Amino acid sequence: MHTFKLMMVCLLILSCESKQTIVADPPNILFIMSDDHANAAVSIYGSNLIETPNIDRIGKEGAVFTNSFVTNSICAPSRAVLLTGKYSHLNGLRDNLDTFDGSQVTFPKLLRAEGYYTAMIGKWHLKSEPTGFDHYEVLIGQGPYYNPPMVRNGDTIEHIGYTSDIITDLTLDALENRDTSKPFCVLYHHKAPHRNWMPSPEHFGMYADQDLPVPATFFDDYRTRSRAAPEQDMRIDDMFLSSDLKLQPGYYDEETGTGGAGSSSFDAAANWEREYNRLTPDQKAAWDAHYQKVNEDFKAANFTGRELSEWKYQRYIKDYLRCVKSVDDNIGRVLDYLDEHGLTDNTIVVYTSDQGFYLGEHGWYDKRFMYEESLKMPLVMRYPNKIEPGQTRDEIVLNLDFAPTLLDYAGVAIPHDFQGKSLSQLVGENPAEDWRQSMYYHYYEYPHGWHSVKRHEGVRTDRFKLIHYYNDIDAWELYDLQEDPDEVNNRIDDPKMEGKIVELKQELAKLKEVLQVPDSELAR
Ligand code: CA
């Protein structure tokens, strides 16, 4: 190669790839992720629904990020972004129907190559076998709430108990049995509070005598929005009476819910019967002792209209929050373990979710849309040796940033094609002033898959959001998040916003170029 060219290539590499640095005492990493946990159900974010003292503790003793966003709001794609540090169009996993290519570079592989003990415990959901771990034990697919079979390093293992407790027991086992001559990176991933929200008997009694506030937009009529909003299939009103709301046969006349299945061949009642019959006799007795009365009260009340909608909301939100409570309780057990073993100061603890979720806003459950409730994720990060406690950061951060952050703290070079940025730049002594000012979003799972949310991409800045729906629709939405935090007033046809729309369309085009989004993505 010509010397000049070689020099240019070297300069390019140096400018793009962070250098390997020697970290005197490489930190341990405990990366905690739950599934579908909305910020509105975390007390450090001001929840009016629940207290989550253990998640809050991580934030109070470290940093709380208030604008942490997912790049593609659905389970498997979010997990692929976490591992690879790349957008869906580059890591190849665009929706839940795709299979993860486990041969690609991931941050656990890079840590392991540099001497870390790596383990993955809990929900994996990427179809292919986990790669890059010294030890793994993962749920099969979504996994059930009770008595989960799991795959441990290739072998199926049966467990009896509540899944959130079991995943935690297995995480503590992995910590206890690790090679202590190495720093560890343990991914501790809960299934909860994913649908169908079956709580632990410990928390059946929560909210027994109390109803929870119904969100202001619960009866949203979707006026001003494109037809993407009314044409979804994720309304709480349309939940399955059986598998979602857990009414046993005999307590309702017929299944009226569509459940977002997109196909009438999905038998929700049979699905619920299967889930219920997974319970042991003791678990069934505890379940029935609580839920039979709820079901009887429902049958006797004979609700219709608005009252029926509100009953469904209460049934849903209470079970969802009870599941969150078990996640929080169990996180407390793991934080205690770190304390008891002198590991707290030199361990990075991250808590996040694979994306946000609707807790009745717009009348919905589920995620997928680029609206705030599903775009935003909880993110708290503690690392006493390096992160001053009590920080709150409002910059735009992404799930794309997790991989580079962890590599950076470990002193491991960040590959030049990773697309995120290290959060250490925000929570260190001199917070970066040139942080990103906007983010790119892209959702793909349509028309196949669940919930009929149309394909869309968009850009969000600190104040504005522009969304473009495509495929069987070509429509735009614009929101001013400062004036309209609930995103009910689409301003795309407002003449006053013309300049802003031009500016945001330019920003969207610029982001797509930088992030290497091919034009063909919109033709998919
Ligand atoms: Ca999820």
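This passage goes through the overall fold, the domains, the empty spaces and one enclosed helix of a predicted model.

Some ground rules come first. The model is predicted, with local features needing pLDDT of at least 70 and side-chain atom pairs counting only at pLDDT 80 or more, while totals for chains, interfaces and linings use all residues. Residues are numbered from 1 along each chain as its sequence is written, and side-chain values use heavy atoms, with hydrogens and water left out.

The chain's secondary structure comes to 13 helices and 16 strands (DSSP runs numbered from the N terminus: H or I of at least four residues for helices, E of at least two for strands). With a radius of gyration of 23 Å, close to the 24 Å that the globule rule gives for 524 residues, the chain is as compact as a globular protein of that length (taken over C-alpha atoms; the rule is 2.2 Å times the number of residues to the power 0.38). Of the 524 residues, 61% count as buried (under 20% relative accessible area, with exposed over 50% and partly exposed in between; 1.4 Å probe, protein chains only).

An automatic or database domain assignment splits out domain 1 (30-196 + 345-427), domain 2 (201-219 + 232-318) and domain 3 (454-523). Taken over C-alpha atoms, the centres of domain 2 and domain 3 sit 36 Å apart.

As for empty space, the largest pocket holds about 690 Å³ (an open set of points on a 1 Å grid over the protein atoms alone, with protein on both sides within 12 Å along at least five of seven lines; a cavity is a set where a 1.4 Å probe fits but cannot get out, and lining residues have an atom within 4 Å of a point). Among the 30 residues lining the pocket, Gln142, His194, Arg195, Phe266 and Trp450 come closest to its centre. Domain 1 and domain 2 each supply at least three residues to this lining.

There is also one cavity of 30 Å³ or more, with a volume of about 40 Å³. Helix H3 (75-84) and strand S8 (184-189) each give two or more residues to its lining, and H3 gives the most, with three. Other lining residues include Met120 and Trp124.

Finally, helix H11 (residues 402-410) is largely enclosed by the rest of the structure, because eight of its nine residues are buried. Phe402, Leu406 and Tyr409 are among them. Right after H11 comes glycine 411, with a positive phi near 80°.

Technical notes: Grid points are joined across faces, edges and corners, and a volume is the space filled by probe spheres set on the points.
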